[in-house]
Amino acid sequence: MKGSIIIIAGMPASGKSTAARKLSAHYHWPVLEKDEIKEELFDTLGFASYSEKRKLDAAATAVLVRCASSILRGGDSLILVNNFRQEALERLMGIVKELDSRAVFVFFQGDNDVFYKRYVERDLDTAHLRHIGHIVQEHYPLRPGESCLHTMTREEFREKFEKLGMADIQADCRKIAVDATDPGSIDLEYLINEIDKALGIEERM
């Protein structure tokens, strides 16, 4: 039996993880998310510079793709979440094609200014603080007495995400574009119906 994969990508703070959890509850498929792998690498290895942090990001993506490959090779299905760069997505799609698996690309797009504001608010929300390794840029763990708060500028956000192509990435499979500017307006039922059609789930029921 061939496995299927739902690939969720898009800009940071566009609601990818929240949507993945809802889709996981519907399909009963596991979710693989790069940020969770990065957190393990942060705690195990740490980083002493921004360039080292970028290397951990690349390593997390490589592990993510390898794990997805193993699940698909076993005939199982999954949901994968990552703010991909084009070359990493093409590697994943090469594996999907090799295994003749079914894939759908769900792309969260919208107003990047809104995503930037949401990104900053998320990092400053101390009541629901993300892993500190995502927030700090120069080194982790923090030294005694250092603040974990970092406000990314709009230009940093543009350089680190938009200019790397994350706002306009393509996959060699059916693409479903989701306007995530207002997360509350996302129609989950419509999205599930479109995913079902893309993966041929209705045909197999």
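The exercises below concern helix geometry, helix packing and selected residues in a predicted model.

Residues are numbered from 1 along each chain as its sequence is written, and side-chain values use heavy atoms, leaving out hydrogens and water. Local features need pLDDT of at least 70 and side-chain atom pairs count only at pLDDT 80 or more, while totals for chains, interfaces and linings use all residues.

**Exercise 1. Describe helix α8 and its two ends.**

Step 1. Helices (H or I, at least four residues) and strands (E, at least two) are DSSP runs, numbered from the N terminus. Helix α8 covers residues 188-199, which is 12 residues.

Step 2. The expected span is 1.5 Å times one less than the number of residues. From first C-alpha to last, α8 reaches 16 Å, close to the 16 Å expected.

Step 3. Polar contacts are pairs of N or O atoms within 3.5 Å; within protein, one must be able to donate a hydrogen and the other to accept it, and residues adjacent in sequence count only if both atoms are side-chain atoms. At the N-terminal end, D187 caps α8, with a side-chain oxygen 3.2 Å from the backbone nitrogen of E189.

Step 4. Just after α8, G200 has a positive phi of about 70°.

Step 5. Buried means under 20% relative accessible area, exposed over 50%, and partly exposed in between (1.4 Å probe, protein chains only). The buried residues of α8 include L191, I192, I195 and L199.

**Exercise 2. Classify the packing of α1 against α8, and of α3 against α4.**

Step 1. Axes are lines fitted to C-alpha atoms, for helices over the stretch in contact, and angles run from 0 to 180 degrees between N-to-C directions. Angles under 35 degrees count as roughly parallel, over 145 as roughly antiparallel, 65 to 115 as roughly perpendicular and the rest as oblique.

Step 2. Helix α1 (residues 16-27) packs on α8 at about 60°, with the axes 11 Å apart. The two helices are therefore oblique to each other.

Step 3. Contact means heavy atoms within 4.5 Å. K22, L23, H26 and Y27 of α1 meet L188, L191, I192, I195 and D196 of α8.

Step 4. For α3 (residues 50-73) and α4 (residues 86-99), the axes come within 10 Å and cross at roughly 10°. This makes α3 roughly parallel to α4. Among the residues that meet are V65 and L72 in α3 and L92 and I95 in α4.

**Exercise 3. Characterise the surroundings of S14.**

Step 1. S14 sits in the loop between β1 (4-10) and α1.

Step 2. Its relative accessible area is 1%, so S14 is buried.

Step 3. A polar atom of the S14 side chain lies 2.5 Å from the backbone oxygen of M11.

Step 4. Not counting residues up to four places away in sequence, S14 touches F108, F115, R118 and A180.

**Exercise 4. Which backbone values stand at H28, D100 and the bond from Y140 to P141?**

Step 1. H28, in the loop between α1 and β2 (31-33), has phi near 60°, a positive value in a residue other than glycine. At 68% relative accessibility H28 is exposed.

Step 2. D100, in the loop between α4 and β4 (102-109), has a positive phi of about 55° although it is not a glycine. At 46% relative accessibility D100 is partly exposed.

Step 3. The peptide bond from Y140 to P141 is cis, with omega near 5°. P141 belongs to the loop between α6 (132-135) and α7 (154-160).
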